[in-house]
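Me: Please take me through the structure shown below. I should like to ask about its helices and its sheet.

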Amino acid sequence: MTSWSRWWLWAAVGMAVSLMWTVAFVPWWAALGSGLCAVLTLTVLAFYARKQDETTPRAGEEVLEGHDAKQVLEQVDALMSPSKDIEQIPQVDEVLQSMAADNQRRRVDDLMRRWVDVGQRYAEAALVLRREIQSVIKQTEQATGTIASSFEAVINKATIQARQAMELLEGTQGAASDGVPQSLKDFIQVSDERLNKMADEVVRVADLSVNMVRELDGVQNRTQAIDGFLLDVEKLAEQTSLLALNAEIEAARVGEHGRGFSVVATEVRRLSKRSHEFSDRIRVHLKEVRTGLSKTHGDMRTLSAADMEHALKIKDDVIALTRSLEGKNREVAETVSRINAISKEIAQDVQNVVVSLQFQDITSQKLSGMLEPMDELRSTLYHLMQETVNLDKGLFKNLPGSENWLSHMHDDPAAEVEVKLTKNPEQDLRKVHGATGSGPAVELF
Amino acid sequence: MATILTVDDTASMRQMISFTLSSVGHEVIQACDGHEALMLLKGKKVDLVIADINMPNMDGITLVKSLREQADYKFTPILVLTTESQESKRQQGKVAGATGWIVKPFNPEQLLNVVKKVLG
């Protein structure tokens, strides 16, 4: 054993020898390499040998015991100095055993303490969890209730709004009754008809004035013809007057016998003169008539032109107005169909909301489902803890608050503090987030 | 239109069912568990009952059984509306005498269709 402990010496020797006898035949680096290999091999061997060395004695004892115990004992007696050591061996065993037992007990105690500690912590955590879960269930129930009520109110109001809008708009699309237009469409139709009739009347009046102008033209022409006739009458009168004059001259030449004839001739001349005068007076009147006719003719022409223009403008205006009203009517119809489409979309959205709002029921059932196994585990733990406590009452002396934690562990879950819900969802939600106190929701400093 | 009783321990569920059914003109009365439902039905006849399964005091299955024992409700349609979807539970409901089984969450259109069908 001692010789192996100086393995480094053996290694140095081995290396020197291998270096010495190989350096003569091979280059120095090869010799050094082989020497190092040899040293490595020897080192490994030395370690192995040392390991073997350490395990051999026990194996040796067994072999020796089985082989010849008496002989070996004699040898051991010879090797060891005669003393009281052998008597002391059983006492050491006892000490070792009691130490091992103490150690075991300490470990068990430690484990128990840790176990109880874990139990206590779980009980506390489970209670907190249970309270939180119940609070979440209550809060979601309250919040969902508020959402559902508000949603219902919104939908009811939206329905009323849509219905009123539709009534209003559909009224403009309804049918006419008793000749009074009920819808915008009918109104357009009726007003269009009436305005068209009026425009037609105006056009007819304009046409009539044109005809009158034409008639007046004829009358004027006739007055001119009368003028010509008057000239003929005047000429006739002049000729008659001249003839009467000649007759008078001839009567004077005849003398007394022609006196009667002379009277007739004078009378004829007088008649001719009067005829001339008549003709003059007729011409004066005729001139006045022509002046009046000419003025009326001008007025009628102006009137007929203006009438026509006006009538055409009115007709154009009526057409434009009708088109604009028709456009409005189309817009109204489009709005009605849009409102209908939106109502359908709202109905679909309502379905989605109704489905989604049921999540609260499902989540609270799932959360309540979590409570049951947790309570079971807590109850099992409680019984286990009780048994542990009964086993060793000294275990809990060092635990803080150990007097009541076990009783606390078995608290009735139903007796837990309930979250008081108010009518104000905002406040309740804040409660869920752990905000306490009655301070304002928003505060500016 | 029909008078319908909805039995569910969750207020929002009752609200949703009531909202859906009254939108088409049904009269809806509400009860929060089987016990309250039986009390309500004592002096009143309804055309249809829609009940949940998991409820405090008296669950849905017991309610269905109790209703089927009464002469007035022997043939009244009873729909079960619940989160439970296992076959065993469904069988339990069928044996108890339920008319139909709807798994939550319900779709309003589907619920109205089913109600229309069972009301005949």
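Me: At what angle do the axes of helix α3 and helix α4 of chain B cross?
Reply: This is a predicted model, in which local features need pLDDT of at least 70, side-chain atom pairs count only at pLDDT 80 or more, and totals for chains, interfaces and linings use all residues. Residues are numbered from 1 along each chain as its sequence is written, while chains are lettered from A and ligands numbered from 1 in the order in which they are written. Helices (H or I, at least four residues) and strands (E, at least two) are DSSP runs, numbered from the N terminus. The axes, lines fitted to C-alpha atoms with angles from 0 to 180 degrees between N-to-C directions, come within 9 Å for α3 (residues 60-69) and α4 (residues 87-96) of chain B, and they cross at roughly 20°.

Me: Why is α3(B) described as roughly parallel to α4(B)?
Reply: Angles under 35 degrees count as roughly parallel, over 145 as roughly antiparallel, 65 to 115 as roughly perpendicular and the rest as oblique. The crossing angle of α3(B) and α4(B) is roughly 20°, which makes the two helices roughly parallel.

Me: Which residues of α4(B) make the contact with α3(B)?
Reply: Residues are in contact if their C-beta atoms, placed from the backbone, lie within 7 Å. From α3(B) come Ile61(B), Val64(B) and Lys65(B), and from α4(B) come Gln92(B), Gly93(B) and Ala96(B).

Me: Which are the edge strands of the open sheet in chain B?
Reply: Two strands pair if DSSP finds at least two bridges between them. The five strands have the order β2-β1-β3-β4-β5, with parallel pairing. Pairing on one side only are β2 (27-31) and β5 (100-103) of chain B.

Definitions and conventions: Contact = placed C-beta atoms within 7 Å.
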